[in-house]
Structure formats: C-alpha cells, structure tokens
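Q: I'd like to learn how to read a protein structure, one feature at a time. Could we go through it together, starting with contacts?

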Amino acid sequence: MPRHPIDLKLSGTASAAGVITLRTHDFKPGGLLCVQRVSVRCRDNKSLVAHVSFERQGEKLYLITLYSSEDQQIVTMTGQTYAPSDYGVCIEVSSVDAADLVEAYVFGYWTDFPE
C-alpha cells in the first residue's frame with residue numbers, strides 16, 4: 001500500500017468570542033488515515049485549549065484535548081492515531097483573544113487499500 005504524506009499548515013483568526021475551528025479536507029475514501037503529530041499555537045496569546053478530533057460530515061471522533069500554559073508557545077499531540085481515510089482532522093481552539101492568529105500543523109499519511 002503506498003503511503004501519501006500529510007504535511008499541512010492550517011491557520012486562521014479567532015472570532016470575537018476567542019474561538020476558531022481549523023479543518024483539513026477529507027482524504028480519499030477506501031483507505032486508512034494515520035495522524036502522527038498535531039501541533040497548535042497562537043501567535044498573540046500563549047494560552048489556549050485545542051480539541052482535536054477526526055471528522056466526517058459533522059460526525060466527530062474525539063482524540064485529545066491539548067492545553068497550553070503561559071510559558072508554552074505550542075502544544076503537540078504525538079503518536080499514531082488511525083481512522084478511515086474519508087475523515088479529516090478537526091481542531092477546535094478556544095480560550096484565545098479575539099483576532100488572535102492561530103496556526104495548526106498536521107503530519108501523518110494516508111493509504112489506499114488494494115482493490
């Protein structure tokens with residue numbers, strides 16, 4: 001099974017309520033998605049809460065909640081987590097200030113299953 005690497009940077013500006021949702025696209029159906037690392041940071045505010053999940057058509061498979069403190073600039077989930085490849089990765093970030101720039105990095109791969 002060939003592996004197709006995932007190396008994505010997602011970014012956006014937090015709403016007035018101090019929240020933002022960043023999503024990858026869904027990958028090709030019929031395979032396996034492996035997320036090896038997700039890192040999240042807020043450029044303007046050092047503390048945040050990030051809920052990481054797999055998502056497909058509004059259905060979420062919760063993975064982990066990451067918390068940063070005042071002395072941390074980036075939070076990271078590492079390890080190999082799997083889902084069907086028609087899911088994407090959803091990162092819901094809160095506890096930041098309005099208009100803060102939030103960046104997320106998603107690394108891993110997806111595979112095709114043989115027909």
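Q: Let's take V35: which residues is V35 in contact with, leaving aside its neighbours within four places in sequence?

A: This is a predicted model, so everything here is read from computed coordinates. Leaving aside neighbours within four places in sequence, V35 is in contact with F54, M77, G79, Q80, T81, V89, V106, F107 and G108.

Q: Which residues touch the most other members of the largest nonpolar core?

A: Here V35 turns up again. The largest nonpolar core has 28 residues, and L33, V35, V40, L48, I91, V93 and V102 touch the most other members. Strands 1, 2, 3, 4, 6, 7 and 8 are the elements that give two or more residues to this core. Strand 3 supplies the largest share, 5 residues.

Q: Now sheets. In what order do the 4 strands of the open sheet come?

A: A general idea to start with: in a regular strand, side chains alternate between the two faces of the sheet. In this structure, 4 strands make an open sheet in the order 1-8-3-6, with antiparallel pairing. Strand 1 (3–13) and strand 6 (74–84) are the edge strands, and each pairs on one side only. On average, neighbouring strands of this sheet are turned by 15° against each other, ignoring direction.

Q: How many bridges do strand 1 and strand 8 pair over?

A: Strand 1 and strand 8 (residues 101–112) pair over 11 bridges, in the antiparallel sense. To find one of them in the viewer, look for L8: its bridge partner in strand 8 is V106. You've met V106 before, as one of the contacts of V35.

Q: And strand 7, which strands pair with it?

A: Strand 2 is one of them, pairing with strand 7 in the antiparallel sense over 4 bridges. Strand 4 is joined to strand 7 by 7 bridges, and those two run antiparallel as well. E92 is a handy landmark here: T21 has E92 as its bridge partner in strand 7, and H51 stands opposite E92.

Q: Why is strand 7 largely enclosed by the rest of the structure?

A: Go by burial, where under 20% relative accessible area means buried. In strand 7 (residues 88–94), 6 of the 7 residues are buried, so the strand is largely enclosed by the rest of the structure.

Q: Is S53 buried or exposed?

A: S53 lies in strand 4, and with 3% relative accessibility it counts as buried. Leaving aside neighbours within four places in sequence, S53 is in contact with K60, L61, Y62, L63, G88, V89 and C90. V89 is also among the contacts of V35.

Q: Where is S69, then?

A: S69 sits in the loop between strand 5 (59–67) and strand 6. S69 is partly exposed, with a relative accessible area of 32%. Try checking its distance to V49: the two are 20 residues apart in sequence and 9.3 Å apart in space, C-alpha to C-alpha.

Q: What about charged residues? How many salt bridges does the structure hold?

A: The general idea is that side chains of opposite charge can pair when their charged atoms come close. This structure holds 7 salt bridges. In one of them, the side chains of R23 and E55 meet at 2.5 Å, N to O. That pair links distant parts of the chain: R23 is in strand 2 (residues 20–23) and E55 in strand 4 (residues 49–56), 32 residues apart. R23 is partly exposed at 46% relative accessibility, whereas E55 is buried at 11%.

Q: Which residue does the side chain of E103 meet in a salt bridge?

A: E103 meets R41, at 2.8 Å from N to O. Distant parts of the chain are linked here too, with E103 in strand 8 and R41 in strand 3 (residues 31–42), 62 residues apart. E103 counts as buried at 3% relative accessibility, while R41 is partly exposed at 25%. There's a third residue to look for: K9, R41 and E103 are linked in a network of salt bridges.

Q: How far apart are the closest N and O atoms of R56 and E59?

A: They are 3.5 Å apart, and R56 forms a salt bridge with E59. R56 is partly exposed, with a relative accessible area of 25%, and E59 is partly exposed at 37% relative accessibility.

How values were computed. Residues are numbered from 1 along each chain as its sequence is written. This is a predicted model: local features need pLDDT of at least 70, side-chain atom pairs count only at pLDDT 80 or more; totals for chains, interfaces and linings use all residues. Side-chain values use heavy atoms; hydrogens and water are left out. Two strands pair if DSSP finds at least two bridges between them. Axes are lines fitted to C-alpha atoms, for helices over the stretch in contact, and angles run from 0 to 180 degrees between N-to-C directions. A salt bridge is a side-chain nitrogen of Lys or Arg within 4 Å of a carboxyl oxygen of Asp or Glu. Buried means under 20% relative accessible area, exposed over 50%, partly exposed in between (1.4 Å probe, protein chains only). A nonpolar core is a set of buried Ala, Val, Leu, Ile, Met, Phe, Trp, Tyr and Cys residues joined through side-chain atoms within 4.5 Å. Contact means heavy atoms within 4.5 Å.
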